[in-house]
Amino acid sequence: MNPFRKLDGLVAPMDRANVDTDAIIPKQFLKSIKRSGFGPNLFDEWRYLDVGQPGQDNSGRPRNPDFVLNQARYQGAQILLARDNFGCGSSREHAPWALEDFGFRVIIGPSFADIFFNNCFKNGLLPIKLDAAEVDALFAQCLGTGGYRLNVDLETQTITRPDGKVIPFSVDPFRRECLLNGWDDIGLTLRHADKIREFEARRRIEQPWLFA
């Protein structure tokens, strides 16, 4: 998992409440358990005017010109502004995989579905909860300003707007440490690799019948 410390990134506004995981990555694309390759089908039913299928070449598919991520001003965005209850629906981990593979590292919104919120931290995404009024102000500035960027600093737990206003946010200390160091669940386990090897070696001596 890639560490996250600071990001100065372009912002894209997803001005919809209750965006569920089937909208984030539709069910037909869940056949792979690899964490990569899902970005081209992120928000597939909204980005394209036809029905996408796994393995399809997306380069020739008709795109929805009204969908926010198809608009030129938001190309390369790494920060997604969201509304209430983002990531609701099924618990598929493919949703944060698709968002991260597309290029997003931060999602800012007033509330998130619990399982999606937890899965983001496990996959290198930083979901930030802010008061609805703060989110409204960010949407207004983003929609009214071309090339709108935010500076997100996980070390200081602050968001800095282009006008200089600093917005503090809170993150669970354990999750913060994991993101800062790039530790997913496997990475956390491998921190104790020496102790695991010592345990296995000792068990071979004390319980050799298990290895016969």
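## Reading rings, pockets and charge pairs

User: Why is Phe-86 called buried?
Analyst: Phe-86 has a relative accessible area of 0%. Buried means under 20%, exposed means over 50%, and partly exposed lies in between (1.4 Å probe, protein chains only). With 0%, Phe-86 is therefore buried.

User: Before we go on, what kind of model is this?
Analyst: It is a predicted model, where local features need pLDDT of at least 70 and side-chain atom pairs count only at pLDDT 80 or more, while totals for chains, interfaces and linings use all residues. Residues are numbered from 1 along each chain as its sequence is written, and side-chain values use heavy atoms, with hydrogens and water left out.

User: How many aromatic pairs are there?
Analyst: There are ten aromatic pairs. Rings of Phe, Tyr and Trp (its six-membered ring) pair if their centres lie within 6.5 Å; planes under 30 degrees apart count as stacked, over 60 as edge-to-face and the rest as tilted.

User: What makes the pair of Phe-86 and Phe-112 edge-to-face?
Analyst: Their centres are 6.5 Å apart and their planes meet at 85 degrees. That angle is over 60, so the pair is edge-to-face. This pair also links distant parts of the chain, 26 residues apart: Phe-86 is in the loop between strand 2 (79-81) and helix 3 (94-102), and Phe-112 is in the loop between strand 3 (106-109) and helix 4 (114-122). Here helices (H or I, at least four residues) and strands (E, at least two) are DSSP runs, numbered from the N terminus.

User: How do you know whether Phe-112 is buried or exposed?
Analyst: Its relative accessible area is 6%, so Phe-112 is buried.

User: And what makes Phe-112 and Phe-116 a stacked pair?
Analyst: The angle between the planes of Phe-112 and Phe-116 is 20 degrees, with 6.5 Å centre to centre. An angle under 30 degrees counts as stacked, so the name fits. Phe-116 is buried too, at 3%. Phe-86, Phe-112, Phe-116, Phe-117 and Phe-121 form one aromatic cluster.

User: Why do you say that Arg-61 lies over the face of Tyr-48?
Analyst: Arg-61 is 3.8 Å from the ring centre of Tyr-48. The rule asks for NZ of Lys or CZ of Arg within 6 Å of the ring centre and within 35 degrees of the ring normal. The distance fits, and Arg-61 is listed as lying over the face.

User: Why is the contact between Arg-149 and Asp-8 called a salt bridge?
Analyst: A salt bridge is a side-chain nitrogen of Lys or Arg within 4 Å of a carboxyl oxygen of Asp or Glu. The closest N and O atoms of Arg-149 and Asp-8 are 2.9 Å apart, so the pair qualifies. Arg-149 in strand 5 (residues 149-153) and Asp-8 in strand 1 (residues 6-13) are 141 residues apart. Both count as partly exposed: Arg-149 at 36% and Asp-8 at 41%.

User: Where do the partners of the salt bridge between Asp-22 and Arg-92 lie?
Analyst: The side chains of Asp-22 and Arg-92 meet at 3.0 Å, N to O. Asp-22 lies in helix 1 (residues 21-24) and Arg-92 in the loop between strand 2 and helix 3, so the pair ties together parts 70 residues apart in sequence. Asp-22 is partly exposed at 25%, whereas Arg-92 is buried at 17%.

User: How many salt bridges are there in the whole structure?
Analyst: The search finds twelve salt bridges. Asp-15, Arg-83 and Asp-136 are linked in a network of them.
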